[in-house]
Every structure is written in C-alpha cells, then in structure tokens.
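Reader: I should like to learn how to read a protein model, feature by feature. Could you please begin with a single residue and proceed from there?

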Amino acid sequence: MKTRLREASENDLEALVEMRVALQKHLEARDPEIWKFSQRGFEIAPLEVKARLRSKSSYMGVAEDENGRILGMIMAEAARDEYRNPERFGHIHWVFVEENSRCRGLGRSLVKTALNFLSRRDIEQITIGYVVNNPEAHAFWDKLGFVARVTHSSATMSALVNKLSAPEKSEDN
Ligand SMILES: CC(C)(COP(=O)(O)OP(=O)(O)OC[C@H]1O[C@@H](n2cnc3c(N)ncnc32)[C@H](O)[C@@H]1OP(=O)(O)O)[C@@H](O)C(=O)NCCC(=O)NCCS
C-alpha cells in the first residue's frame, strides 16, 4: 500500500482529534496511574488540535493511504528559552500510528517530517516524553537514539502522607 506524508490541515481535524484521543487513551491504558484526561479534557481535544494547527511554532503532519485515509499523525513544537542552553529546542508532543499500520516505518517517517520543520528553525536539541510502561514507545525512541535523562515520577498524596508519617528510624538503629 502506498502512503503519503504531508503537513496536516484543518480538513484533517476529525481524524486528528480521533488520534489525539486514541493516543491519550492508549497511554492511560498502558499505565492507569498517569495523569488522565478529565471529561473536559476530552471535550476540548478539538480546540487543542485546532490551536496546534494554527500555531506557527507547532507542526502537525499526517501519513495517509492512497485513498486519503489518515494512518498516523505527529505534532511537534519549536520552542525557545533564552535561559536555557541550547536556547532553541524542539519537543515532539504526539506521535500516533493506527494499530494496523504499525511497524511499517510510518512512525519513523512522521518523525522525519517533523524534523524538516524543526531543522528550519535552528533547533539543536529534540526532546520527547513517553510513558515508562509503554514498551513500543521505549523501543521506538531508543531506536531513534533518544536517551532517557530526566524521569518524571508521581506518588499519590495519601501514599506520600503515609510514608512520611511512618516512625522515623533513629540514628542508633
Ligand atoms: C510508537 C509508534 C508511533 C511507532 O510507530 P511505528 O510506525 O509502528 O514505528 P516504525 O515502524 O517507524 O518503527 C521504527 C522503529 O521503532 C521500533 N519499534 C516500533 N514499534 C515497536 C514495537 N512494537 N516493538 C519493538 N520495536 C518497535 C523498531 O525498532 C523500528 O525499527 P525497525 O523497523 O528498523 O525494526 C506506534 O507504535 C504507536 O502509535 N503506538 C501507540 C501510540 C504511542 O505509544 N505513541 C508514542 C507516544 S510517546
């Protein structure tokens, strides 16, 4: 099957929102303890996608089949922070390939299209984040040479309160 890669537009909105929501559900299923979308979060997904499509600093790309059916999408952002070195960096926020089209190189091709966008903005470093308990994401980013350098961890308030209210070990023990 022939696939085509191109920049996304508002004509793709429905498919993009579907994939944005599917990505979030996928991550929540991989680890139910991660932060989740509220009902409102799901409701505003179309606005979130629209805002990204209109933003000059964001890039949304899609992979489609010969009939124009969207098979995957990516969203990356070019950011600049003068207090940071390197000052210009890119962040890939979303990448999603529909289940039946995975492991055929589409994810890699989508990253390439985002890279075209980022490289025109003098970006020196690309960052990504993924759910630890999402093995395909780990394998995918690892294959592309990404190295885990920062870990975001979470504990529930009650678990942390319990830990901290346990009797402290005395120095003599
Ligand atoms: C992660 C994801 C985007 C990868 O897309 P894809 O089109 O299947 O990836 P590719 O075919 O381009 O794979 C590129 C490389 O990644 C690795 N890889 C991808 N999926 C893998 C899997 N399930 N298991 C092991 N390695 C995998 C392979 O090494 C592959 O290289 P190879 O073909 O030379 O072996 C896709 O699995 C997906 O959409 N998953 C659900 C959403 C998600 O988890 N997104 C990541 C959010 S950070």
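**Reading the model**

Author: Asp 122 counts as exposed because 11 C-beta neighbours lie inside 10 Å. A residue is called exposed if 12 or fewer other C-beta atoms lie within 10 Å of its own, buried if there are 20 or more, and partly exposed in between, with C-beta atoms placed from the backbone. This is a predicted model, in which local features need pLDDT of at least 70 and side-chain atom pairs count only at pLDDT 80 or more, while totals for chains, interfaces and linings use all residues. Residues are numbered from 1 along each chain as its sequence is written.

Reader: Where is the place of Asp 122, and what is its phi?

Author: In general, most residues other than glycine have a negative phi, and most peptide bonds are trans. Asp 122, although not a glycine, has a positive phi of about 55°, and its place is the loop between helix 4 and strand 5 (125-128). Helices (H or I, at least four residues) and strands (E, at least two) are DSSP runs, numbered from the N terminus. Cys 103 also has a positive phi, near 60°, and is found in the loop between strand 4 and helix 4. Cys 103 counts as exposed because it has 10 C-beta neighbours inside 10 Å.

Reader: Which peptide bond is cis?

Author: It is the bond from Asn 85 to Pro 86, with omega near 5°. Pro 86 lies in the loop between strand 3 and strand 4.

Reader: How many helices and strands are there in the protein, and in what pattern do they follow along the sequence?

Author: The protein has six helices and five strands, and their pattern along the sequence is β-α-α-α-β-β-β-α-β-α-α. The C-alpha trace spans about 70 × 35 × 30 Å along its principal axes. Of the 173 residues, 20% are buried.

Reader: How should one read a helix, and which residues of helix 1 are buried?

Author: An α-helix has 3.6 residues a turn, so residues three or four places apart point the same way. Helix 1 (13-30) has 18 residues and reaches 26 Å from its first C-alpha to its last, close to the 26 Å expected; the expected span is 1.5 Å times one less than the number of residues. In helix 1, Ala 15, Leu 16, Met 19 and Arg 20 are buried. They lie on the same side of helix 1 because they cover an arc of only 140° around the axis, the arc being that of the directions from the helix axis to the C-beta atoms. Glu 14 and Ala 29, on the other side, are exposed.

Reader: What do the buried residues of helix 1 pack against?

Author: They pack against helix 3 (45-54), strand 2, strand 3 and strand 4. Leu 16, leaving aside neighbours within four places in sequence, is in contact with Ala 8, Val 49, Met 60 and Met 73; contact requires C-beta atoms, placed from the backbone, within 7 Å.

Reader: Which residues of helix 4 are buried?

Author: Leu 106, Gly 107, Leu 110, Ala 114, Phe 117 and Leu 118 are the buried ones in helix 4. Seen down the axis, they fall within an arc of 125°, so they line one face of helix 4. The face turned away carries the exposed residues Asn 116 and Ser 119. Asn 116 is exposed because 12 other C-beta atoms lie within 10 Å.

Reader: Which residues touch the most other members of the largest nonpolar core?

Author: In soluble globular proteins, nonpolar side chains tend to be buried together. A nonpolar core is a set of buried Ala, Val, Leu, Ile, Met, Phe, Trp, Tyr and Cys residues joined through C-beta atoms within 7 Å. Here the largest core has 25 residues, of which Leu 16, Met 60, Met 73, Ile 74, Ala 76 and Ala 114 touch the most other members. Strand 3 gives the most to this core, six residues.

Reader: Which residues come nearest to the ligand?

Author: A residue is near a molecule if its C-beta atom, placed from the backbone, lies within 6 Å of it. There are 19 residues around the ligand, and Arg 102, Gly 107, Arg 108, Glu 136 and Ala 139 come nearest. Helix 5 supplies the largest share of this shell, five residues.

Notes: Two residues are in contact if their C-beta atoms, placed from the backbone, lie within 7 Å.
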